[in-house]
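Let's take a walk through this fold, from the overall layout down to a single side chain. Have the sequence and the model side by side as you read.

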Amino acid sequence: MALVRWDPARELDLLQGDMNRLFDTFFQGRGVGAAAANGSRRWIPPMDLVEADDEFVLRADLPGLDPDDLELEVKDNVLTIAGERRAEHEDRKEGYHRVERSFGRFSRSLDLPEGIDASAVTADFDRGVLEVRIPKPAERQPTKIEIGSRNGTSLESGEE
């Protein structure tokens, strides 16, 4: 019997291959595989969310889009970015074309903390990067409540 050295990197590669096959099967059963056969694939643009002292800054990579292709909305403390990247390839009868870039409609939503002022949210779009600045809500200060007695005088003053 031959001894085989255990290689954890090989095991991870096998696991990754199994997971890729699982997700491919899952999404093909939901109609995305049919879209892939037509040259389109599901597109989910990557986003970063950074917390600064007085605001949250969201950056989304949206190459090939114009600001007119995007919709940005805040509703019920949920920020939603939606849009569409259109296919740029040509359909040709002759020759072989390879289409690897994804396109189509997308929508990403992000829950915001309570108390966000939607009218103070700003957005800029430069060189394919959407930057959304979300001011943090003002910290809620505790409200001191004076305690009274049953005869109407304040207990804090030492009178009863």
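What follows goes from the whole chain to its strand pairs and then to one threonine. This is a predicted model, where local features need pLDDT of at least 70, side-chain atom pairs count only at pLDDT 80 or more, and totals for chains, interfaces and linings use all residues. Residues are numbered from 1 along each chain as its sequence is written, and side-chain values use heavy atoms, with hydrogens and water left out.

The chain has 2 helices and 7 strands, taken as DSSP runs (H or I, at least four residues, for helices; E, at least two, for strands) and numbered from the N terminus. Along the sequence they come as α-α-β-β-β-β-β-β-β. Of the 160 residues, 21% are buried, meaning under 20% relative accessible area with a 1.4 Å probe, protein chains only.

Now look at β7 (residues 129-135), which pairs antiparallel with β2 (residues 55-61) over 7 bridges; strands pair if DSSP finds at least two bridges between them. Here L58 has V132 in β7 as its bridge partner. Strand β6 (residues 122-126) also runs antiparallel to β7, with 5 bridges, and D124 is matched with E131. β6 and β7 make a hairpin with 2 residues between them, and R127 in the turn has a positive phi of about 50 degrees.

Finally, find T80 in strand β4 (residues 78-85). Is T80 buried or exposed? T80 is buried, because its relative accessible area is 18%. Beyond its neighbours within four places in sequence, T80 is in contact (heavy atoms within 4.5 Å) with E71, L72, E73, S107, R108 and S109. The side chains of T80 and S109 also share a polar contact of 3.1 Å; that term covers a pair of N or O atoms within 3.5 Å where, within protein, one must be able to donate a hydrogen and the other to accept it, and residues adjacent in sequence count only if both atoms are side-chain atoms.

How values were computed:
Buried < 20%, exposed > 50% of the residue type's maximum accessible area, 1.4 Å probe, protein only.
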